[in-house]
Amino acid sequence: MSASVTMVFAQLADAFSFCTSPDVRHVRTTADPPMAPEESLKMLKEGNRRFVDGRPLGARTKDAARRQLVDQGQAPHTAIIGCADSRAPLETIFDAMPGDLFVLRNAGNTCTHAEGSMVGSLEFATGKLGSRLILVLGHTNCGAIAGATKTYLEAKVPQKAGSALQGLLQDLGAVAEQAVQEAGPGASADEVTARAVKVNVYHTMSFLLRFSESIRSAVREGTVQIQGGIYNLETGSVDFLGALPTQTELLDSTMAIPPSMVEAGEARGKHGVRTGADSAVPKDVALKMLKAGNERFAAGAPTATQTSGPMRKALVQCGQAPHSAILGCADSRVPVDTVFDAMPGELFVLRNAGNTCTHTFQAGGENAPGSALEGLLQGLSSVAKDASEELGPGALQEELAAHTTKVNVFSSMNFLLKYSEPIRELVRKGDLDIQGGIYHLETGRVEFLGRSPQQAELLAAEGTLPPSMALGTVRTTSDGPMAPQAALKLLKVGNERFVVGAPKAGKVHSSMRETLATGQAPHTALVGCADSRVPLETVFDALPGDLFVLRNAGNTCTHAEGSVLGSLEFCTGPLKTRLIFVLGHTSCGAIKGATSTFLSGQKTKAPQALDALLQGLGSVVSDAQKELGKKATEEQVAAHAVKLNVFHTMNFMLKYSEPIRQKVRSGELEIQGGVYDLQTGRVEFLGASPSQAKLVAAEGAVAPSLKSKMQGA
């Protein structure tokens, strides 16, 4: 008999033995007692042997087993810190069942730059979840370790990190340095790298023992073990290294938490964060704090990583007292608080595209912009012109763009000095300083520019109000209820103003705000998505007092039934609003996620609220696929589901709210829907739900979540 035939028979026999086994593998849940570290290690070794031999069992799960994990919760026998390398999938390597392993992964299987996350997660696993074994697993041919070794060997002089990746590689330099010493003179780069993999495993194990009191205590008592290992990419085998050779001496450490999690002290305020209980920070000290914070960020050693419950409580009770106000760009790559390593309460942050105070143009005329973006660019054109004149003819486009960035910073500073008398007066008296800076994306560092060269001249000149601050009117309780069609017209006209870049709603003055304090009378109640790209008041160019706005991911009533329905009943009742408008939008992340989950056939266990939300939207996606047919692409299904989801939310109101249904039946209230196009800024008005007449005529019901609460009561 040939070898190939023999192999086929062996595989068939293996498969037959699996099929005849009534219960292949047991899944661990909270119903199981904690597993001894020795037993956990044995399971890892046996699982790795099955993986190497090509006899895995871990993927063979059943619905009943998955249900156990949901109903009874997790109780992993081992917590593993592994590398994010795609060639080293930890559950696969150890042929583990769902529920077996609590897995933490990053490039280089290290605690560097993730101290609180890694250590905190392991404290959770060994505490709350009852894991008794921690395994730190490196692997051969690790790219992170190779990069760190290369960086160390090629470095002529120590340099500060210019990126997070460089910071990671440089922080692993201590590992490379130790590997060089252990490898001895004459060792090649490959030999040092291979040595560094093992050194790095020990380095991570050492970190856990040095900076976690709870883990250290458990190891000292013998209830938890920390083991190391190296996965060989070529053979698939794991070389188990055992405990850290220096474990005994490290158990005497007194550090309770990682160094980056230590509070910054009095500089952060009396409560660990700045609040109204703290005295004002002098302007020169505030600037120093900004510079120090940015240096920490650029060096990859931030300290503003933890906000406790008492800190948040202090911010509420004592109020805010930020040491600096920052006008920055809305660019997602420039998170202002992060760039300055600031805690909540330290910075008062304003952001928009171009970090500008301008964009004050008049609608109509020969040069009127065709969109809000064109208006913004027109508003910045004078800045580019000034920069071009300063550089002179022959300047390269790259040079012009860089200089325009600087000129634009001064332009915004000058705008404040020209158009705000309170700010001008504070600067004039020396109580306020206005400084500028440029954040360099490549290095993470801020170039501090100082004051505007025109500050003295502007302070000496007479100040004026910003040109866009024309007066307007706001709706209050003195205004009668607005008819649904009149309210709908306001939405349409307001959206058109927004699309063409000629908004009016921003012109709000103090007397208008004082009037609003007497009460509200919104003409429309809006249910929209929480997506940051869809600011509802802006989309409809609405004034304060116009819109009663409810927002959540997916503009849905699902999982927020009582909140949404109760709020709408309040708005259409005491506030006498006569139009409810449900607004979806293109490229909705919630709908995309629900579509992907549904079409993939994935049955999530809904361990998070997000998963439950996506599952709740599954019925909408299912309807969209049925209407389009099975040949429709995922993108087409998601786009159609956006529209159906609007109707689904409208139908939910009509089905589960008797007050709303009665008002619609009597003609006192209308429910309309629409879809906002992210690319054009236009709203497609869909009208009423096709199912409205049927739902209004049918007998109402109580929302599912409210029904269960009522029964419980």
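Start with the open sheet: select its 5 strands, which follow the order β2-β1-β3-β4-β5 with mixed pairing. The model on screen is a predicted one. Colour the two edge strands next, β2 at residues 101-106 and β5 at residues 238-242; each of them pairs on one side only. From one strand to the next, the twist averages 25°.

**The β1 and β2 pair**

Select residues 78-83 for strand β1, which runs parallel to β2 and is joined to β2 by 6 bridges. To see one of the residue pairs, pick Cys83 and then Asn106 in β2, its bridge partner.

**Leu135 in strand β3**

Move to β3, residues 133-139, and show Leu135, which is found in this strand. Is Leu135 buried or exposed? With a relative accessible area of 0%, Leu135 is buried. Display the residues that Leu135 touches, leaving aside those up to four places away in sequence: Leu44, Thr78, Ala79, Ile80, Ile81, Phe94, Gln227, Gly228, Gly229 and Phe240. Then set a distance label between the C-alpha atoms of Leu135 and Ile226: these residues are 91 apart in sequence, and the label should read 5.9 Å.

**Helix α9 across the sheet**

Select residues 189-211 for helix α9. This helix lies across β1, β3, β4 and β5. Strand β4 is residues 225-231, and α9 runs at about 160° to this strand.

**Where α9 meets α10**

Keep α9 in view and add helix α10, residues 213-221. A pair of packed helices is described by the angle between the axes and the distance between them. For α9 and α10 the axes come within 6 Å and cross at roughly 100°, so the two helices are roughly perpendicular to each other. Show side chains for the contact: Leu208, Leu209, Arg210 and Phe211 on α9, with Glu213, Ile215, Arg216 and Val219 on α10. By type, the residues of this contact are 5 nonpolar, no polar and 3 charged.

**Salt bridges**

The structure holds 16 salt bridges; three stops follow.

First, select Asp85 and Arg87. Their salt bridge has its closest N and O atoms 2.7 Å apart. How do the two partners stand in accessibility, buried or exposed? Asp85 is buried at a relative accessible area of 15%, because the cut-off for buried is under 20%. Arg87, at 45% relative accessibility, counts as partly exposed.

Next, go to helix α17, residues 421-429, and pick Glu421 and Arg424, which are 3 residues apart, about one turn of the helix. Their side chains meet in a salt bridge with an N to O distance of 3.0 Å. Arg424 counts as buried, at 3% relative accessibility, while Glu421 is partly exposed, with a relative accessible area of 40%. Now add Glu425 and Arg428 to the selection: salt bridges that share partners join Glu421, Arg424, Glu425 and Arg428 into one network.

The last stop is the pair Asp431 and Lys429. What joins the side chains of Asp431 and Lys429? They meet in a salt bridge, at 3.9 Å from N to O. Asp431 is exposed, and Lys429 is exposed as well.

Definitions and conventions
Residues are numbered from 1 along each chain as its sequence is written. This is a predicted model: local features need pLDDT of at least 70, side-chain atom pairs count only at pLDDT 80 or more; totals for chains, interfaces and linings use all residues. Side-chain values use heavy atoms; hydrogens and water are left out. Two strands pair if DSSP finds at least two bridges between them. Helices (H or I, at least four residues) and strands (E, at least two) are DSSP runs, numbered from the N terminus. Axes are lines fitted to C-alpha atoms, for helices over the stretch in contact, and angles run from 0 to 180 degrees between N-to-C directions. Contact means heavy atoms within 4.5 Å. A salt bridge is a side-chain nitrogen of Lys or Arg within 4 Å of a carboxyl oxygen of Asp or Glu. Buried means under 20% relative accessible area, exposed over 50%, partly exposed in between (1.4 Å probe, protein chains only). Angles under 35 degrees count as roughly parallel, over 145 as roughly antiparallel, 65 to 115 as roughly perpendicular and the rest as oblique. Ala, Val, Leu, Ile, Met, Phe, Trp, Tyr, Cys and Pro count as nonpolar, Asp, Glu, Lys and Arg as charged, and the others, Gly among them, as polar.
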